[in-house]
Amino acid sequence: MWQCQLVSMSSSGTPGKARSWDRHSEIGPPAVDLVGLVKSHQINSRSLSCRPLYCIPDENSKVLILQGLKQEVTSLCPSPDGLHLAVGYEDGSIRVFSLLSGEGNVTFNGHKSSVTTLQYDQLGGRLVSGSKDTDVIVWDVINESGLYRLRGHKDAVTQALFLREKNLLVTSGKDALVKWWDLDTQHCFKTLVGHRTEVWGLAFVSQEKRLITGAADSELRVWNITYIQEATDPNEPESKKSKGSPAQAEKTSEVDETSAQDEMLEERLLRCNKAGSIMRAGRDRVVTLATDRTGRILACHGTDSVLEVFCVLTEEEICKKMEKKMRKAKKKAKLKSEEEEPEGSVEMSLQEEIQRVTSIKASAKIKSFDLILCPKGELKATLLLQNNTIESYILKPSAQVPQVVRASKITIGGHRSDVRTLAFSSDNIAVLSAAAESVKIWNRSTLQCIRTMACEYALCSLFVPGDRQVIIGTKTGKLQLYDLASGSLLETLAAHDGALWSISLSPDQRGFVTGGADKCVKFWDFELVKDENGTQKRLSMKQIRILQLDEDVLCVRYSPNQKLLAVSLLDCTVKIFYTDTLKFFLSLYGHKLPVLCMDISYDGALIATGSADRNVKIWGLDFGDCHRSLFAHDDSVMTLQFVHKSHLFFTAGKDHKIKQWDADKFEHIQTLEGHHQEVWCLALSPNGDYIVSSSHDKSLRLWERTREPLILEEEREMQREAEYEESVAKEEQPVVAGETQGETGLAGKKTIETVKAAERIMEAIELYREETAKLKEHQAICKAAGKEVPLPVNPILQAYGNISPSAYVLEVFKKVKSSELEESLLVLPFSYVPDLLVLFNEHIQRGLEVELLCRALLFLLRIHFGRITSNQLLVTVIENLKKTTISKVSEVRNVLGFTMAGLQFLKREIEAKDEVTFFADATDRFEEKRRKRKKKEKLVLAMV
């Protein structure tokens with residue numbers, strides 16, 4: 001039995017780690033699919049839909065690999081200090097990495113589907129995340145816990161932004177809504193409904209006095225934001241005073257009064273009115289809308305390759321333009337001998353305040369971008385492209401005609417489109433991969449590309465015996481023959497009138513067979529012909545026979561003894577023919593959809609077929625009977641191949657998985673998970689030790705057979721555990737008793753980790769109960785015996801250094817992750833709560849972990865308030881907790897206040913010292929300049 005070990009190979013990404021079953025492999029470069037780009041103070045980083053996550057500086061050298069989870073990265077956000085990076089994953093989890101150590105110690109689990117947006121607040125203490133599950137969650141990064149969940153969007157959240165000066169949050173979604181949230185009260189106080197399509201982007205400009213939104217049309221909508229001063233009387237807003245006369249107010253209905261009051265509640269914080277629109281050059285939806293850190297430069301792009309750059313004028317520039325306009329208006333009025341126009345008639349249009357600078361044309365479709373405005377006024381734009389390339393451009397926005405210059409490009413030799421065919425050489429060393437634009441030959445041991453040759457859209461391929469030439473079958477029906485030594489195209493033949501779907505080398509290695517969409521199977525022989533450009537002979541291909549069929553041919557395979565030929569047709573059947581006479585032998589029917597792939601075992605006894613109906617059928621090749629039908633994948637089975645000298649075979653499908661099967665026992669052996677998109681094809685090495693697979697995630701992955709034995713029972717157990725974990729995440733989340741589900745909720749979610757944490761707490765409390773009962777029995781025994789009897793020590797407590805049972809419960813609590821504490825307590829049965837309350841009182845009295853225990857105590861009181869208050873036995877415990885908690889929290893607050901005062905004092909001292917040093921340095925520099933000037937004057941006088 002053998003296992004596979006994942007190593008990464010090729011494509012248009014950057015080097016990185018790879019995960020194996022035994023997790024010890026590290027090989028690059030892998031294939032990656034780029035999904036986002038962000039900046040920090042020190043480095044530019046990009047997110048990759050591969051497990052590793054890379055940070056790339058301006059020079060093309062790798063500086064850091066952040067080893068993440070196995071899921072695909074969907075979102076990135078750097079902290080304001082540039083020391084941390086928040087990473088959102090496809091499964092809804094979030095990890096915060098330290099860019100100094102490269103470790104990701106903080107993990108948040110709250111979303112049920114992929115994270116779509118991440119954003120830090122100004123200080124970096126809070127992180128907001130939006131997801132496809134329509135929820136917005138605010139996380140406390142310092143305490144490593146969730147604060148609250150905000151519900152209100154009816155579709156996926158696309159963007160979320162904190163305001164710098166106000167404790168407000170703005171979110172947008174695919175439900176065409178922009179929502180304003182008051183984070184003090186945790187409710188939505190305003191909803192903008194001026195969009196007819198999905199809102200894909202948000203950006204603040206003009207010191208957060210304007211909001212710009214991008215939707216699925218070519219219009220950027222601009223909204224004016226007016227903040228209401230807190231000093232106004234909340235009971236009598238100004239807008240309410242100007243409603244009209246009292247007589248008119250009496251005539252209004254109660255419904256109108258209620259709606260007006262609701263409107264006033266919204267306008268107590270701010271007013272948001274539409275100021276106008278800016279038209280984009282692109283006609284498709286906005287993919288990314290963002291500004292640089294200063295908010296001066298605004299840029300956006302759609303699904304094309306053009307980045308549109310705008311410049312937002314400052315208030316000073318607007319005043320200068322207004323004065324200039326006013327002077328022109330006055331001059332014009334004087335020339336016409338008319339009265340001067342009033343000042344109020346001169347206004348700035350929105351297009352003048354937000355000016356279009358230029359458009360940056362990238363070499364491929366843009367997926368994401370980031371901007372940096374340098375102090376000298378130079379703008380650097382870094383673009384992440386759909387073909388896994390990063391390009392950096394430089395321009396000067398203040399110039400009359402800004403010139404865009406491409407400064408650098410980050411790429412690695414790999415395919416720019418999906419690889420649709422793979423092949424191994426006979427010596428297991430070379431790997432052939434072909435895509436829509438090129439054929440590449442890779443060295444399996446070094447994972448380096450050793451040859452690249454331009455080709456048409458490739459669908460199938462093979463190595464010619466001797467491994468010196470390769471043959472490619474294309475989408476246009478051509479056969480292309482390449483010489484590997486020179487990398488040149490030797491010959492191109494028009495083999496089929498339609499797509500050439502399949503090619504199979506004959507077992508005698510003298511020729512091959514092809515099948516295409518023109519309903520023909522053609523037989524070819526290798527021959528040597530005289531080279532037109534030289535005297536030597538070269539390899540060529542000659543057609544010898546044609547088998548005409550009634551349906552399109554999707555796949556062809558020779559039997560190992562070359563007596564039979566299997567042909568898969570578009571009518572969902574597989575026809576078996578005799579190779580020598582081309583007479584019909586068998587018809588294999590049973591699939592509901594066409595057979596896309598098939599293979600024949602080494603002994604010619606079995607043929608396995610994989611179909612678009614997601615099933616794999618195993619047939620006997622002697623009588624054509626179906627031995628077993630296996631439900632193999634959750635989507636179409638794209639490729640199938642037997643392992644050499646065995647009845648084991650591999651399948652790959654559009655469900656992102658590669659699976660191994662036993663054709664004799666009809667068992668599923670193992671699943672290889674690594675790809676993030678549909679797997680198009682795979683190839684096994686002739687010795688059976690390696691598999692290479694290609695996917696829509698633009699990756700080639702090389703799998704290696706290990707010597708480690710594979711136990712099927714363990715694989716089944718691991719599969720059951722994974723299914724249980726998925727079922728736990730999909731279950732209905734526990735709710736707080738007595739609380740209705742409104743706009744807010746708990747930030748976390750029930751996961752296998754929270755269930756395990758609750759179980760550990762329960763086990764610790766049970767141990768505490770047992771040890772307390774044993775201690776009472778021991779005291780009774782000692783009293784009866786009249787002497788001290790040795791007390792047996794629990795091995796668990798002994799492992800912790802002979803601590804007390806109550807201290808052990810505290811240790812278990814401290815080991816529960818901060819982000820999972822509330823969810824763990826929520827699933828904890830109430831029978832354990834009284835013991836916890838007693839233990840909390842004991843530990844808080846000693847001043848141990850006051851903050852943690854108070855947080856757990858308040859949450860327990862919230863979720864079990866009714867049962868705790870109705871229990872007479874807990875009244876004294878609650879009273880003691882009240883006194884103890886208030887006094888200890890006051891002590892902790894005093895300590896924090898003293899510490900903060902001391903830090904502020906030190907800050908003032910350092911600032912004062914820096915000022916003295918600064919002035920001393922300035923004086924020294926001034927004196928040095930004066931001395932140099934005097935010395936120069938003396939030299940001039942001496943020369944005169």
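This is a short tutorial dialogue on reading strands, sheets, a core and a surface patch in a predicted model.

Colleague: I have the structure open, and I would like to begin with sheets. What holds the strands of a sheet together?

Modeller: Strands of a sheet pair through backbone hydrogen bonds, and the pairing is either parallel or antiparallel. Now look at our case: β18, β19, β20 and β21 follow one another in that order in an open sheet of four strands, and their pairing is antiparallel.

Colleague: Which strands stand at the edges of that sheet?

Modeller: The edges are β18, residues 199-205, and β21, residues 270-279. Each has a single partner strand, so one side of each is left without a neighbour in the sheet. Neighbouring strands here are also turned against each other, by 25° on average with direction ignored.

Colleague: Let me zoom in on β19. How many bridges does β19 make with β18, and how many with β20?

Modeller: β18 and β19 are joined in the antiparallel sense by six bridges. On the other pairing, β19 (residues 210-215) and β20 (residues 219-227) share five bridges, again antiparallel. You can follow individual partners too. Val199 has Ala215 of β19 as its bridge partner, Thr213 is matched with Arg221 in β20, and Arg210 stands opposite Asn224 in β20.

Colleague: And what joins these strands along the chain?

Modeller: Hairpins do that job in both places. Between β18 and β19 the hairpin has four residues, and Ser206 takes a positive phi near 55° there. From β19 to β20, the hairpin runs through three residues.

Colleague: Is β19 buried or exposed?

Modeller: Count its residues one by one, taking under 20% relative accessible area as buried. Six of the six residues of β19 are buried, so this strand is largely enclosed by the rest of the structure. It helps to check each face in turn: Arg210, Ile212 and Gly214 lie on one side, Leu211, Thr213 and Ala215 on the other, and all are buried.

Colleague: Let me try the same reading on β16. Which residues of β16 lie on each face?

Modeller: Val178, Trp180 and Asp182 are on one side, while Lys179 and Trp181 are on the other; all of them are buried, so to speak of β16 as having both faces covered is right. The count for this strand, residues 178-182, is five buried out of five.

Colleague: What are the partners of β16?

Modeller: β16 pairs with β15 (residues 168-173) over five bridges, and with β17 (residues 187-192) over five bridges. Both pairings are antiparallel. As landmarks, Val170 has Trp180 of β16 as its bridge partner, and Val178 has Leu192 of β17.

Colleague: Where do I find a positive phi in these two hairpins?

Modeller: In the hairpin of β15 and β16, look at Ala176, with a value near 70°. In the hairpin of β16 and β17, look at Gln186, near 60°. Each of these hairpins has four residues between its strands.

Colleague: I see another sheet further along the chain. What is the strand order in the sheet that starts with β38?

Modeller: The order is β38-β39-β40-β41, an open sheet of four strands with antiparallel pairing. β38 (500-505) and β41 (537-548) are the edge strands, each pairing on one side only. The twist from one strand to the next averages 25°. For a close look, take β38 and β39 (residues 511-516), which pair over five bridges, with Phe512 of β39 as the bridge partner of Leu505.

Colleague: Now the helices. Where do nonpolar side chains tend to be in soluble globular proteins?

Modeller: In such proteins they tend to be buried together. Here, the largest nonpolar core has 39 residues, and Phe813, Leu825, Leu836, Leu837 and Phe840 have the most contacts inside it. At least two core residues come from each of α7, α9, α10, α11, α12 and α14. The helix that gives the most is α12, with nine residues.

Colleague: Which residues form a nonpolar patch on the surface?

Modeller: Leu903, Phe905, Leu906 and Ile910 do, with about 410 Å² of accessible area together. Phe905 belongs to helix α14, residues 875-943. Its relative accessible area is 44%, and Phe905 is therefore partly exposed.

Conventions: Residues numbered from 1 in each chain as written. Predicted model: local features only at pLDDT ≥ 70, side-chain atom pairs only at ≥ 80, totals over all residues. Heavy atoms only, no water. Pairing = 2+ DSSP bridges. Axes fitted to C-alpha atoms, helices over the stretch in contact; angles between N-to-C directions. Patch = residues over 30% accessible without salt bridge, like charges linked within 9 Å, V, L, I, M, F, W, Y side chains within 5 Å. Areas by Shrake-Rupley, 256 points an atom, 1.4 Å probe, with all protein chains shown as cover. Salt bridge = Lys/Arg side-chain N within 4 Å of Asp/Glu carboxyl O. Buried < 20%, exposed > 50% of the residue type's maximum accessible area, 1.4 Å probe, protein only. Core = buried A, V, L, I, M, F, W, Y, C linked by side-chain atoms within 4.5 Å.
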